[in-house]
2 protein chains.
Amino acid sequence: MGGKTMKFVVIGGDAAGMSAASRAKRNQPEMDVTVLEQTQDVSYSACGMPYNIADPDRDMDDLVVRSAPVFRKKQGIDLRTGHRVEAIDATAKTVSGHTLKGESFEVPYDKLLIATGASPIMPDLPGVDLPGVMGLKSLTDGKRIKGFIRERNVGKVVIIGMGYIALEMSEALRARNIEVHMVKPRAAFLPRFNEQLALMVREEVEGNGVNLHPGHEINEIKKTDDNLMVVCPDLSIEGEMVLVSIGVRPNSRFAEKAGIELGVGKTIAVGRSLQTSNGDIYAAGDCADAYHVVTGKKTWVPLALWAGRGGWAVADHVSGKDVSLQGIAGTAVFKVFNLQVAGTGLNGDEALKAGFDPAWVTIKSRSRAHAHPGSKTILVHMVGDRKSRRLLGVQMVGQEGVAHRINAPAVALHAGLTVEAFSQSDLAYAPPFSPVWDPMLTAANQLLKKM
Amino acid sequence: MGGKTMKFVVIGGDAAGMSAASRAKRNQPEMDVTVLEQTQDVSYSACGMPYNIADPDRDMDDLVVRSAPVFRKKQGIDLRTGHRVEAIDATAKTVSGHTLKGESFEVPYDKLLIATGASPIMPDLPGVDLPGVMGLKSLTDGKRIKGFIRERNVGKVVIIGMGYIALEMSEALRARNIEVHMVKPRAAFLPRFNEQLALMVREEVEGNGVNLHPGHEINEIKKTDDNLMVVCPDLSIEGEMVLVSIGVRPNSRFAEKAGIELGVGKTIAVGRSLQTSNGDIYAAGDCADAYHVVTGKKTWVPLALWAGRGGWAVADHVSGKDVSLQGIAGTAVFKVFNLQVAGTGLNGDEALKAGFDPAWVTIKSRSRAHAHPGSKTILVHMVGDRKSRRLLGVQMVGQEGVAHRINAPAVALHAGLTVEAFSQSDLAYAPPFSPVWDPMLTAANQLLKKM
């Protein structure tokens with residue numbers, strides 16, 4: 001055939017981007033693969049940052065999974081760190097921007113992957129730019145937080161937000177014996193979770209000395225003599241550091257400018273092979289939307305596994321393989337103090353909005369068999385559809401046996417199983433690990449009665 | 001309608017029998033439900049016995065889930081303990097036998113459930129009847145073992161057999177600081193498991209001071225001055241107690257005599273609503289066979305969940321409901337010392353025998369994310385079919401995160417997913433619980449390359 005070498009350019013060197021670049025080189029070693037990353041860090045475990053911050057003796061660079069030189073030398077990827085892309089010219093098929101040193105660059109592509117991730121939302125508040133007010137997304141953010149705690153010997157932190165990263169951070173800070181206050185405007189704690197499950201988590205968090213202040217609008221962040229102060233209409237909380245963790249927004253700005261169609265929540269809209277509205281341009285990871293396997297509709301759940309899977313899919317498609325990703329079930333788990341909190345699929349409200357006729361049930365079960373020592377409470381919330389009889393979602397909270405248990409209903413959602421079919425699953429039983437009827441089966445059996 | 005009250009008779013008061021009796025009374029409180037149980041014990045956690053024996057301070061009766069008086073008074077079940085059934089007259093529709101006091105009885109039935117369970121196989125060896133040679137199946141067996149250890153202050157036990165109950169018992173005895181030797185004729189350790197996984201378990205067992213002697217035929221059990229001696233051609237092992245744990249056989253003798261068709265391994269053959277070859281007679285629990293969801297063929301895996309599920313299904317069918325059980329995936333888990341050992345579906349040999357064209361892979365992964373402290377090795381063995389592309393089976397061993405993880409492939413087997421579809425599952429990730437790519441996904445990705 002002859003022909004020129006395919007030029008595959010990736011914007012962003014984290015999970016999706018480096019997965020795509022590595023797999024493209026494995027698929028076709030002759031492919032010309034360039035990665036443009038604005039920071040100096042590639043391929044690190046972002047989700048591991050709270051656990052690293054918890055331990056003053058651990059180096060933050062432990063989180064780096066593979067270093068830039070390895071990607072360059074061993075994998076033959078033209079990895080350019082410190083390269084900030086600012087524009088895509090979809091007609092000329094080039095991307096351009098500036099290096100950290102201020103030099104401009106322009107790179108041509110045949111196929112382009114936008115894997116720019118998401119950035120922490122910083123609220124539009126007076127004082128949000130004060131030193132000591134931090135977001136947590138990049139490794140640089142993590143290093144800045146950890147360094148600040150060490151240098152200032154921080155004893156008191158105010159966290160704005162109560163999502164799972166905020167909660168993981170509260171645990172990390174408590175592990176360092178730091179006083180923690182958490183504040184947010186919305187009254188409900190873990191609003192995506194069933195109330196009974198959310199209450200169990202809330203009691204665990206408060207039981208570990210975290211001060212929760214939900215339901216407080218925030219007016220401003222002020223500088224006091226030595227500290228910062230988060231000011232609400234009816235509450236002011238002081239701390240040496242303010243951590244803002246109210247969610248992330250997709251980095252889709254220059255994609256939008258290049259005329260690429262956007263999707264849910266200003267993500268970049270992609271099809272099942274992760275192509276954008278421009279067939280030569282892909283998007284994957286936290287900046288792109290995804291199909292939900294339960295609703296069949298577009299959604300946005302920025303999580304690490306989907307980013308890696310998306311990167312691989314793009315590499316395969318660019319390499320000429322047939323690729324069609326089924327989508328996500330929205331499976332997630334987090335640990336907070338001694339609790340495991342997990343969910344997959346839809347909650348009742350989401351099911352209603354998606355046009356289902358949901359029934360749900362919340363049951364209390366045990367993590368081990370009757371009379372087995374050390375058994376703990378497990379709460380299971382399960383949602384099914386009265387019309388199609390399908391299983392729609394499961395949430396669980398407990399001290400043990402929750403994190404991996406959620407994978408069974410996740411698979412059931414992918415397979416489109418009915419609650420009845422799920423209730424017939426041959427799940428594992430041994431006294432140290434479960435009652436004879438696994439808590440999920442008990443929930444399914446109870447749910448069937450309500451459907 | 002008037003008509004007479006349905007007379008439902010259940011033979012056997014353990015998991016399947018009491019589940020059926022209780023549910024039948026819940027379904028139709030007016031139903032006349034009689035349970036005939038040969039021992040004094042009903043509804044106890046048989047699987048919990050090794051853990052109870054491990055702790056000298058725990059009462060064995062802790063394992064009783066619900067006592068006979070509760071079944072009688074609160075649930076209105078005519079529960080007759082000490083009633084040993086010896087014959088079924090399928091023409092006259094009666095069962096007959098003797099009580100422990102030697103009185104004969106005869107009970108008529110409209111519908112009959114045989115839930116007689118299984119008994120430990122006692123090998124045909126000289127000396128197997130000596131005092132101190134024990135099997136473990138009933139609560140009485142468990143009490144006898146525990147009492148013998150206490151009274152004789154047992155310091156050394158020989159276990160014949162190395163299956164999962166034998167291994168659970170080895171752990172229980174080591175917890176009481178008892179010297180344990182295990183011996184069996186077959187050379188392979190855990191032959192149903194992949195060799196690499198079996199080796200990991202073997203090293204754990206030996207690392208905890210258990211002396212394993214596989215590959216030794218047993219000639220006899222002898223009485224010595226104070227002890228018992230298990231005599232092999234090339235090995236003699238002394239102990240104060242000999243525990244025989246070489247498997248169980250279904251209690252199907254009087255079913256066979258009554259002309260009921262037998263199935264796999266002398267079990268009672270049943271259909272998807274658990275009716276035997278006689279439409280008025282059901283069988284459930286360890287004495288009955290079952291459909292395997294992977295092969296669609298009959299199999300026999302005597303486990304507690306299936307017994308309870310079978311009991312419910314029989315009660316529902318007797319109550320006039322439509323019942324069709326999908327079957328079992330052969331999902332099982334056990335703990336041995338610090339390892340969790342789990343499997344579901346077929347291994348490679350079984351897949352070959354069932355007519356599949358299997359490919360398999362064994363991978364080594366970690367229980368937690370990159371750089372997360374406390375991470376342990378997880379081995380995953382996965383089997384798929386080259387022709388249909390289906391997932392056929394998964395085995396796993398590890399110190400943590402195995403017992404509940406196995407439920408995801410179990411559900412996949414029920415749903416008949418391909419390895420490709422399973423590999424696309426949105427499984428849970430957080431650093432304390434898993435790598436980004438769950439070990440099962442890594443195994444599926446590797447297996448796809450071999451298919």
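In this briefing, a residue is called buried when its relative accessible area is under 20%, exposed when it is over 50%, and partly exposed in between, using a 1.4 Å probe and protein chains only. By that rule, the buried residues of helix α10 in chain A are A:N407, A:A408, A:P409, A:A410, A:V411, A:A412, A:L413 and A:H414. Please keep in mind that this is a predicted model, in which local features need pLDDT of at least 70 and side-chain atom pairs count only at pLDDT 80 or more, while totals for chains, interfaces and linings use all residues. Residues are numbered from 1 along each chain as its sequence is written, chains are lettered from A and ligands numbered from 1 in the order in which they are written, and side-chain values use heavy atoms, leaving out hydrogens and water.

**How the two chains are related**

- Two copies of a chain are related by a rotation about an axis and a shift along it.
- Here, a turn of 180° with a shift of 0.0 Å along the axis lays chain A on chain B with an RMSD of 0.0 Å; the superposition is by least squares on the C-alpha atoms of residues with pLDDT of at least 70 in both copies.
- That is the relation of a two-fold axis.
- Which C-alpha of chain A is nearest the axis? That of A:A408, which is 1.9 Å from it.
- The copies meet through the same surface, because 100% of the interface residues of chain A are also interface residues in chain B.

**Helix α10 meets helix α10**

- Helices (H or I, at least four residues) and strands (E, at least two) are DSSP runs, numbered from the N terminus.
- Two packed helices are described by the angle between their axes and the distance between the axes.
- Helix α10 covers residues 407-415 in chain A and in chain B, and the two axes come within 7 Å and cross at roughly 25°. Axes are lines fitted to C-alpha atoms, for helices over the stretch in contact, and angles run from 0 to 180 degrees between N-to-C directions.
- That crossing makes α10(A) roughly parallel to α10(B); angles under 35 degrees count as roughly parallel, over 145 as roughly antiparallel, 65 to 115 as roughly perpendicular and the rest as oblique.
- Is the crossing left-handed or right-handed? α10(A) passes α10(B) in a right-handed crossing, meaning that the near helix is turned clockwise from the far one by less than a right angle, whereas anticlockwise would be left-handed.
- Contact (heavy atoms within 4.5 Å) is made by A:N407, A:A408, A:V411, A:A412 and A:A415 on one side and by B:N407, B:A408, B:V411, B:A412 and B:A415 on the other.
- These contact residues divide into eight nonpolar, two polar and no charged. Ala, Val, Leu, Ile, Met, Phe, Trp, Tyr, Cys and Pro count as nonpolar, Asp, Glu, Lys and Arg as charged, and the others, Gly among them, as polar.
- α10(A) is mostly covered, with eight of its nine residues buried.
- α10(B) is largely enclosed by the rest of the structure, because eight of its nine residues are buried.
- After α10(A) comes A:G416, with a positive phi near 65°, and after α10(B) comes B:G416, whose phi is also positive, near 65°.

**Helices α1 and α8 within a chain**

- In chain A, α1 (residues 15-27) and α8 (residues 304-318) pack at an angle of about 35°, with their axes 7 Å apart, and their crossing is right-handed.
- In chain B, the axes of α1 and α8 come within 7 Å and cross at roughly 35°.
- The residues of this contact in chain B divide into seven nonpolar, four polar and three charged.
- One residue of α1 in chain B is B:A20, which counts as buried at 0% relative accessibility.
- How many residues apart in sequence are B:A20 and B:W312? They are 292 residues apart, yet 5.0 Å apart in space, C-alpha to C-alpha.
- Leaving aside neighbours within four places in sequence, B:A20 is in contact with B:F8, B:L113, B:G311, B:W312 and B:A315.

**Two residues with a positive phi**

- Most residues other than glycine have a negative phi, and most peptide bonds are trans.
- A:N177 has a positive phi near 65° and is not a glycine; A:N177 sits in the loop between α5 (164-175) and β11 (179-184) of chain A.
- Is A:N177 buried or exposed? A:N177 is exposed, with a relative accessible area of 65%.
- B:L190, also not a glycine, has a positive phi of about 45° and lies in the loop between β11 (179-184) and α6 (195-207) of chain B.
- B:L190 is buried, with a relative accessible area of 9%.
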